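Trainee: Got a minute? I'd like to go through this one with you.
Mentor: Sure. Put it up and ask away.

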Amino acid sequence: MTGPDPSPPLPEDERVVIHRLPEEQRSLLELVEGFTREEVAPQADRWEREHTFPRPLFDQLARMDLTGLPFGEDVGGSALPFATYLMVVEELSRGLLALGLGLSVHTLSTWGIDTHATPEQRDRFVPDLVAGRALGAYSLSEPGSGSDAAGMTTIAKRDGEVYRLDGVKAWVTHGGVADRYLVMARTGDAGARGISAFVVDADQPGLTVAPPEQKMGMWASPTAQLVFENAPVPADRLVGDQEGTGFRIAMASLDGGRLGIAACATGLAQAALDAALAYAREREQFGQPIASFQGVSFLLADMATRTEASRTLYQSAADRRDHGYDTTKVAAMAKLFATDATMQTTTDAVQVFGGYGYTTDFPVERYMREAKVLQIVEGTNQIQRMVIGRQLTGARA
Ligand SMILES: Cc1cc2nc3c(=O)[nH]c(=O)nc-3n(C[C@H](O)[C@H](O)[C@H](O)COP(=O)(O)OP(=O)(O)OC[C@H]3O[C@@H](n4cnc5c(N)ncnc54)[C@H](O)[C@@H]3O)c2cc1C
C-alpha cells in the first residue's frame, strides 16, 4: 500500500485536544483522570448529601501540585498554559462540580492578587494560595448589586494604618471555608472608579460569615455572605497599594474565571453524556436497547456535539490568552455557549433515563440542578451577551 501512514486510532476517549498536548502535560491529565475516576466521582454523592466542601480532596490537589498550575515558578506555580489548567478543571468537574468550580474560584482570586499586587504583597499572599495551603475566594457581589457590580455599597474608609470595612458581601463561593478572600469595597465616589480590592484573611476581626445559602444544587460548594462591621483591615492589604483599581482587577480576573466556568460546564456535560450513553446501551424497551432508537441516538448525538463544541471554544479562547491576546469577548462567548449547552445536555440526559432520571438513584438529576447555576455565576448569560455585544458594536448600553 502506498500513501501516508493511516492516522493512529483515537483511544476510547476522543477528546482530541488532549492528544495534541506535550507528553508531560498529557501525563498530568492522565493523573487527574485517574484521581477523578478513583477518588472524586465515587465520593461525589456523599459530599453533596453532607453539604460539605471536600477540603480533603482539595488538599489532595495541593499535594499533587495542582492548585497553582498557571502561576509563575517564582511563586511556586507550574507556569503551565492556561489551556492545560482548564483541562484539569474540566476533568475534576466531570467527577464533582463543587471541586472543579472550587479550583476555578481559587484560581480566580489568586490571579487577581498575583497580577495586581505589589511585589511585597505578592510574596506575602500568593505562595500559600498557589501551594494550596490557603483556599481562596472572590467577593464582588452584594445583596443589592449583582449584575450591576459597580453599584456596591460596602465601604472601606481609611483610618490611619487601617481601612475600616462596613457592609455585606453576598454569594461568596467558599464563604466560611476559605482562608483568604479577595474583597472589593468602596474607597471613593459612586461608580467603578471608587472601588478598591483588599486581601482579607478569614480571621480578620470584624468579619463574620452568615450561614450558607440553601441552594438548588452544588451543595458541596458553600455559598455565604461576608458581614463586615467596622473591620480594621491593615492598609498594606490594599491590592497594588492604589485606591480605585478594584473594579478593573475584578473584571480582569473574570476573563480567566469565565473560561474556568466554561471548563466546569464542559466537564459536567461530559459526565451527563457518559451516564446517558451507558444507560442507553443497557436499558431495553420493545426488546432492544433504547440506544438503537433514532430518537434517543439523535439526543445523544446532539449532546456529544455540544460538549465537543464547548470544549473547542474554551480551548481556543485559552490559546489566545496564552498567546497574550485580550480575551474579554471570547471568554464571555465560551462561558455563554458552554453553560447554555450544558443546561440542554443535562436536561437531555434526564430524558434519556426516563422516569429513573427524575430520581436520586442516578446522578443525572444532580447534573441538571448543577448546570443551572453555571448560567448565573460570574455574570449571568444575559450579562455575557451584553459583554459580547459591547465588544462587537462598541456601544455602552
Ligand atoms: C451559587 C452561587 C455562587 C456565587 N459565587 C460568587 C462568588 O464567589 N463571588 C461573587 O462575587 N459572586 C458570586 N455569585 C453571585 C453571582 O455572580 C450573581 O448572582 C450574578 O452576578 C447575578 O447577580 P444577582 O443574583 O444579583 O442577579 P441580578 O443582577 O439581580 O439579575 C436578575 C436578572 O436580571 C438580569 N439582568 C440584570 N441586569 C441586566 C441587564 N442589564 N440586561 C439584561 N438582563 C439583566 C439577570 O441576567 C438576571 O436574569 C454567586 C452566585 C451563586 C448563585
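Trainee: How many salt bridges does the rule find across the interface of domain 2 and domain 3?
Mentor: It finds 0 there. Keep in mind that this is a predicted model.

Trainee: What is the area buried between domain 2 and domain 3, then?
Mentor: About 880 Å². Carbon and sulfur atoms give 76% of that area.

Trainee: Which residues in domain 2 lose the most area to domain 3?
Mentor: Tyr-138, Met-216 and Met-218. Together they make up 48% of what the domain 2 side buries.

Trainee: And where are the domain bounds?
Mentor: The domain assignment gives domain 1 as 16–130, domain 2 as 136–244 and domain 3 as 248–393. The contact between domain 2 and domain 3 takes 10 residues from domain 2 and 11 residues from domain 3. Over C-alpha atoms, the centres of domain 2 and domain 3 are 30 Å apart.

Trainee: Back to salt bridges. What does the count come to by this rule?
Mentor: 23 salt bridges. One of them joins Arg-366 and Asp-45, with N to O at 3.3 Å. Arg-366 sits in helix 10 and Asp-45 in helix 2, so this pair ties together parts that are 321 residues apart in sequence.

Trainee: Is Arg-366 buried or exposed?
Mentor: Buried, because its relative accessibility is 6% and the cut-off is under 20%. Asp-45 is partly exposed, at 37%.

Trainee: Which residues are linked in a network with Arg-366?
Mentor: Asp-45 and Glu-370. Salt bridges link the three.

Trainee: What about Arg-55, which residue does that one form a salt bridge with?
Mentor: Asp-179, with the closest N and O atoms 3.1 Å apart. That pair also links distant parts of the chain, 124 residues apart. Arg-55 is in helix 3, while Asp-179 is in the loop between strand 3 and strand 4. Both ends are partly exposed: Arg-55 at 22%, Asp-179 at 28%.

Trainee: And Glu-120 with Arg-124, how many residues apart are they?
Mentor: 4 residues, about one turn of helix 6. Their closest N and O atoms are 2.8 Å apart.

Trainee: Why does a spacing of four places work in a helix?
Mentor: An α-helix has 3.6 residues a turn, so residues three or four places apart point the same way.

Trainee: Switching to helix 2. Where is the kink?
Mentor: At Val-40, shortly before Pro-42. The angle is about 45°.

Trainee: How far apart are the end C-alpha atoms of helix 2?
Mentor: 38 Å. At 1.5 Å a residue, its 27 residues should span 39 Å, so the two values agree. Val-40 is also buried, and others buried in helix 2 include Leu-28, Phe-35 and Trp-47.

Trainee: What phi does His-51 take, just after helix 2?
Mentor: A positive one, about 50°. Trp-171 has a positive phi too, about 60°, although it is not a glycine. Trp-171 lies in strand 3 and counts as exposed, at 52%. Asn-230, in strand 7, has a positive phi of about 50°.

Trainee: Last one: where is Thr-327?
Mentor: In the loop between helix 8 and helix 9. Thr-327 is buried, at 5%. Leaving aside neighbours within four places in sequence, Thr-327 is in contact with Asp-255, Ala-317, Arg-320 and Arg-321.

How values were computed: Residues numbered from 1 in each chain as written. Predicted model: local features only at pLDDT ≥ 70, side-chain atom pairs only at ≥ 80, totals over all residues. Heavy atoms only, no water. Helix = DSSP H or I, 4+ residues; strand = E, 2+ residues; numbered from the N terminus. Expected span 1.5 Å × (residues − 1). Bend = angle between axes of the 7 residues up to and from the residue. Buried < 20%, exposed > 50% of the residue type's maximum accessible area, 1.4 Å probe, protein only. Domains from an automatic or database assignment. Contact = heavy atoms within 4.5 Å. Buried area = accessible area lost by both parts, 1.4 Å probe. Salt bridge = Lys/Arg side-chain N within 4 Å of Asp/Glu carboxyl O.
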